[in-house]
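Work through the exercises below with the sequence and coordinates open. Try each task before reading its solution.

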Amino acid sequence: MLGLRGTLLCRLLPEYSRDASGALRAYSMYPPTYIKPVYQKEKLEELIESGEAKEREFTPVRAAYNSHTSSVFHDSLVRKFTNHVMKTGQKSLSRELVEQTFREIKLIQLRKWNQTQTPEEKSVIECDPNKIFHKAVENCRPLLIVSPIKRGGVTYQVPMPVTEHRSYFESMRWLVKAGREKERTIHFPQQMARELLSAAKNEGRAVKMKQDLHQLCEANKAYAHYRWG
Amino acid sequence: MTNQHLLPEEVNRRQIHYGKFIMHLSPLMLGTMYRLPNGKFRKTGRRPSRWPFPYNNVLPLALRNEVSGKGDKQQNLACLHEMSILFACMKKNDFVQSLCSKEINSFQKCHLNFLQAQKLKKEQEREGNLVPYARNMSHRQVNQLLKQYPQPK
């Protein structure tokens, strides 16, 4: 019934459209025929190789965001993280903070690299802040989350498997939270760099938050069968 | 009083007298079970422990021409076994993920499979096409068929 109503609404009102997952989305600027733009060079080459580009040749494309760029320095996860750092839409500030964080990581690692003597020890030290960031985010991703479900007047914290998207969200949220918990005299990029470095080593507050959640899930495992659709 | 020497037909007809009460050996008739022979209840202030209740016709005794979609709601209870295995491993290894990579992989694989199956089912339901000789139908398909061939009145 809903599906039927959805299709009807799509025809009647242009602001209703279906996204890729089939869910009804209200007030989209574009009708569902419009596809999302591909702005990464590698993905474009992939599409050309797989022959999918031929199919997309005459499909109308949505306008790209101004943060979509084919620069070699672009990283979609870093862009997402920048948005997590951002407060009240101050994107240029948050971008600056993330860049400073990366610079801080680079400086810390280079200092360490210069202090070590043997080449074996030097080879172990990772000096690429981007790689450290990715490792930190991966290490903070939870396997399970708890969701409050009310049964018989009592709200239970029910453990549930987490989707990939949500796990990245939680991971970056914890990292930013850990970066913000600091002394007033310490600047955010410095604290954030420390947190990212320790998270990359599976230590630190963000990883602790993840483990706390896992422990909560384990404690509430008896309620696992309470979850529903 | 023993009724062993009696034939079944006679047992049915016979009644056992307990004081003023009459016990029927035939199938229970709730309307008369608690009453005195004159059709009234005793006046001792005692009520029958089980009141005969009248049949209450709440819903019409006919099948509807539609089914609700409630039964089709997919249970979100997948991967419980994998989850319990994962919990056991995590607890044993003090919540160090690297020591439970096998369990984690199997759990995530199970969840991914479940999500894909759910998505596929949703898509098929949305299309709502009637498949000839299909064993399991969605509520939409059943409703479509019931619309074409309603219940006889």
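**Exercise 1. Find what the buried face of a helix packs against.**

Task: which elements do the buried residues of helix 4 of chain B pack against?

Solution. Step one: the packing partners are strand 4 (154–161) of chain A together with helix 3 (80–92) of chain B. Contact here means that two C-beta atoms, placed from the backbone, lie within 7 Å. Helices (H or I, at least four residues) and strands (E, at least two) are DSSP runs, numbered from the N terminus.

Step two: fix the ground rules. This is a predicted model, in which local features need pLDDT of at least 70, side-chain atom pairs count only at pLDDT 80 or more, and totals for chains, interfaces and linings use all residues. Residues are numbered from 1 along each chain as its sequence is written, while chains are lettered from A and ligands numbered from 1 in the order in which they are written.

Step three: name the buried residues. They are Glu103(B), Phe107(B) and His111(B). A residue is buried if 20 or more other C-beta atoms lie within 10 Å of its own, exposed if 12 or fewer, and partly exposed in between; C-beta atoms are placed from the backbone.

Step four: relate this to helix geometry. An α-helix has 3.6 residues a turn, so residues three or four places apart point the same way.

Step five: check the span. Helix 4 of chain B covers residues 101–127, 27 residues in total. From first C-alpha to last it reaches 39 Å, close to the 39 Å expected at 1.5 Å a residue. The expected span is 1.5 Å times one less than the number of residues. Just after the helix, Gly128(B) takes a positive phi of about 65°.

**Exercise 2. Examine the loop between helix 3 and helix 4 of chain B.**

Task: what sign of phi does Asp94(B) have, and is Asp94(B) buried or exposed?

Solution. Step one: locate Asp94(B) in the loop between helix 3 and helix 4 of chain B. Step two: read its phi. It is positive, about 60°, although Asp94(B) is not a glycine. Most residues other than glycine have a negative phi. Step three: count neighbours. Asp94(B) is exposed, because 9 other C-beta atoms lie within 10 Å.

Step four: turn to Phe95(B), which lies in the loop between helix 3 and helix 4 of chain B. Phe95(B) has a positive phi of about 60° and is not a glycine. Phe95(B) has 16 C-beta neighbours inside 10 Å, so it counts as partly exposed.

**Exercise 3. Place Cys217(A) in its surroundings.**

Task: which residues does Cys217(A) contact, leaving aside its neighbours within four places in sequence?

Solution. Step one: Cys217(A) lies in helix 10 (residues 204–219) of chain A. Step two: Cys217(A) is buried, because 26 other C-beta atoms lie within 10 Å. Step three: the contacts are Leu144(A), Val146(A) and Pro159(A). Step four: take a longer distance. Cys217(A) and Ser92(A) are 125 residues apart in sequence and 38 Å apart in space, C-alpha to C-alpha.

**Exercise 4. Classify two helix crossings in chain A.**

Task: at what angle do helix 8 and helix 10 of chain A cross?

Solution. Step one: the axes of helix 8 (residues 164–180) and helix 10 come within 8 Å and cross at roughly 135°. Axes are lines fitted to C-alpha atoms, for helices over the stretch in contact; angles run from 0 to 180 degrees between N-to-C directions. Step two: that makes helix 8 of chain A oblique to helix 10 of chain A. Angles under 35 degrees count as roughly parallel, over 145 as roughly antiparallel, 65 to 115 as roughly perpendicular and the rest as oblique.

Step three: list the contact residues. Helix 8 of chain A supplies Trp174(A), Leu175(A) and Ala178(A). Helix 10 of chain A supplies Gly204(A), Arg205(A), Ala206(A), Met209(A) and Lys210(A).

Step four: take the second pair. The axes of helix 4 (residues 76–85) and helix 5 (residues 91–115) of chain A come within 8 Å and cross at roughly 120°. Val78(A), Phe81(A), Thr82(A) and Val85(A) in helix 4 of chain A meet Ser94(A), Arg95(A), Leu97(A) and Val98(A) in helix 5 of chain A.

**Exercise 5. Summarise each chain.**

Task: how many helices and strands does chain A have?

Solution. Step one: chain A has 10 helices and four strands. Of its 229 residues, 21% count as buried. Step two: chain B comes to five helices and two strands, in the order α-β-β-α-α-α-α from the N terminus. Of the 153 residues of chain B, 7% count as buried.
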